[in-house]
Amino acid sequence: MNKTTLVTGGAGFIGSHLCDRLIKNGKKVICLDNLLTGSQKNVAQLLTNKNFFFIKQDVCEPFVSRKFAKIDEIYHLASPADPNVNSPVSYMTHPFETMRVNTEGTWNMCEIALKHKAKLLFASTSEIYGDPQISPQGEDYRGNVSTTGPRAVYDESKRFGETIVSAFVRNKNLNGRITRIFNTYGPKMNPNEGRAVVNFIKQAIKNESITIYGDGSQTRSFCYVDDEVEGLIMAMEKGKSGEVYNIGNDDERTILEFAKIIKKLAGSKSQIIFEPLPEDDPVQRKPDITKAKKTLGWYPKIALEKGLLRTIQYFRKIQ
Ligand SMILES: NC(=O)c1ccc[n+]([C@@H]2O[C@H](COP(=O)([O-])OP(=O)(O)OC[C@H]3O[C@@H](n4cnc5c(N)ncnc54)[C@H](O)[C@@H]3O)[C@@H](O)[C@H]2O)c1
């Protein structure tokens with residue numbers, strides 16, 4: 001019989017790609033999403049599939065559905081994501097929802113996983129490393145995070161989410177693992193979210209000035225969404241309970257390099273301009289993915305230029 005998989009945040013950017021892949025892999029998928037930052041359009045292609053069930057609901061509320069006697073796996077992705085630069089949207093406009101979903105929502109999902117004896121994967125973030133003092137960041141690094149800065153609602157609630165999952169594993173025998181997702185990009189990213197990749201692409205295809213915050217020397221490494229989804233599935237299937245896995249791409253580039261590559265790939269006439277760096281913006285972000293490579297056999301396969309081209313094509317289509 002098909003395994004039943006619950007994907008919270010399944011109508012979001014990464015969640016919708018994950019739902020696609022799980023359906024292709026023959027799973028029965030329940031997508032639980034309150035559409036705070038996601039959209040039903042992201043899963044429109046799945047709505048007529050007999051193995052796909054969309055439920056509009058907040059994960060902080062009790063989940064009762066008699067249709068599903070048994071849930072085998074829970075991918076808990078629900079949460080506004082982390083914009084790169086000084087985005088006016090996402091957790092900046094949803095600070096309380098962000099704190100609640102990562103704490104109460106995660107607690108609730110752990111309870112449901114226990115009730116169903118299901119495996120749980122919590123989508124944490126590289127933001128838990130804050131503005132890191134070492135590079136690359138391995139899973140053992142404890143981070144350099146402000147508890148009161150503007151990013152704290154996200155960083156600290158994800159950190160506490162990790163604590164909740166770890167306590168359920170240690171004290172209640174939950175089969176749970178944590179993935180720390182690093183910057184991910186690809187089709188279906190929210191065009192209004194204000195992440196660097198999205199901003200650069202939108203500006204480049206309209207030949208408008210490409211805005212860099214700071215001098216562009218801060219580095220990031222971006223993972224194409226298909227690679228990210230593959231990593232999450234490997235962590236669920238091959239990962240051990242209680243373990244943490246960095247899932248991201250270690251191909252590190254400066255933000256200025258990203259802007260130049262996007263400009264070239266889009267054949268754009270845009271100028272690159274510089275604005276002041278926002279508070280708490282990390283200077284460097286690069287995953288150490290040795291553990292995922294060794295223990296899950298996972299590593300990113302899609303080259304930056306190839307992934308960016310696919311993303312530019314998507315944004316041209318939806319403009
Ligand atoms: N995209 C990245 O680069 C990135 C990086 C690090 C971590 N992550 C994590 O990955 C996960 C998915 O991120 P994404 O980029 O797809 O973001 P997204 O905003 O596109 O997707 C998140 C989804 O969660 C839903 N959601 C939010 N609060 C909810 C609630 N209370 N109940 C039910 N649904 C709720 C939203 O409506 C949305 O569909 C998040 O947990 C995010 O923190 C993403």
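Helix H2 (95-116) lies across four strands, namely S1 (4-8), S4, S5 and S6 (175-181), and it runs at about 170° to S4. Helix H3 (residues 152-172) also packs on the sheet, touching S5 and S6, and its direction makes about 155° with that of S5. Such angles run from 0 to 180 degrees between N-to-C directions, with axes fitted to C-alpha atoms, for helices over the stretch in contact. Touching rests on contacts, which join two residues whose C-beta atoms, placed from the backbone, lie within 7 Å.

A word on the model: it is predicted, so local features need pLDDT of at least 70 and side-chain atom pairs count only at pLDDT 80 or more, while totals for chains, interfaces and linings use all residues. Residues are numbered from 1 along each chain as its sequence is written.

**The sheet**

Which strands make up the open sheet? Seven strands form it, in the order S3-S2-S1-S4-S5-S6-S11, and the pairing is parallel. Strand S3 (52-56) and strand S11 (244-247) stand at the edges with a single partner strand each, so one side of each has no neighbour in the sheet. From one strand to the next, the twist averages 20°. Strands S4 (residues 73-76) and S5 run parallel and are joined by four bridges, and Glu73 has Lys119 in S5 as its bridge partner. Strands count as paired if DSSP finds at least two bridges between them. Helices (H or I, at least four residues) and strands (E, at least two) are DSSP runs, numbered from the N terminus.

**Another strand pair and a buried helix**

Strand S8 pairs with strand S13 (residues 272-275) in the parallel sense over four bridges, and Tyr213 stands opposite Glu275 in S13. Side chains alternate along S8 (residues 210-213): Ile210 and Ile212 point to one face and are buried, whereas Thr211 and Tyr213 point to the other and are not. Buried means 20 or more other C-beta atoms within 10 Å of a residue's own, exposed means 12 or fewer, and partly exposed is in between, with C-beta atoms placed from the backbone.

Helix H4 (residues 196-205) has eight of its 10 residues buried, so the rest of the structure largely encloses it. Among the buried residues of H4 are Val197, Phe200 and Ile201. Their cover includes strand S7 (184-185), S8, helix H6 (255-265) and helix H8 (304-318).

**Unusual backbone spots**

Most residues other than glycine have a negative phi, and most peptide bonds are trans. These places depart from that pattern:

| Place | Backbone value | Location |
|---|---|---|
| Leu35 | positive phi of about 60° | loop between S2 (28-33) and S3 |
| Asn207 | positive phi near 55° | loop between H4 and S8 |
| Ser135 to Pro136 | cis, omega near -5° | Pro136 in the loop between S5 and H3 |

Leu35 is partly exposed, with 14 other C-beta atoms within 10 Å. Asn207 also counts as partly exposed, with 14 C-beta neighbours inside 10 Å.

**Around the ligand**

Which residues come nearest to the ligand? Of the 31 residues around it, these are Gly9, Gly12, Thr37, Gly38 and Ala81; a residue is near if its C-beta atom, placed from the backbone, lies within 6 Å. Helix H1 (13-24), H2 and strand S5 (119-125) each supply at least two residues of this shell.

**The whole protein**

The protein has eight helices and 13 strands. Its C-alpha trace spans about 55 × 45 × 40 Å along its principal axes. Buried residues make up 49% of its 319 residues.
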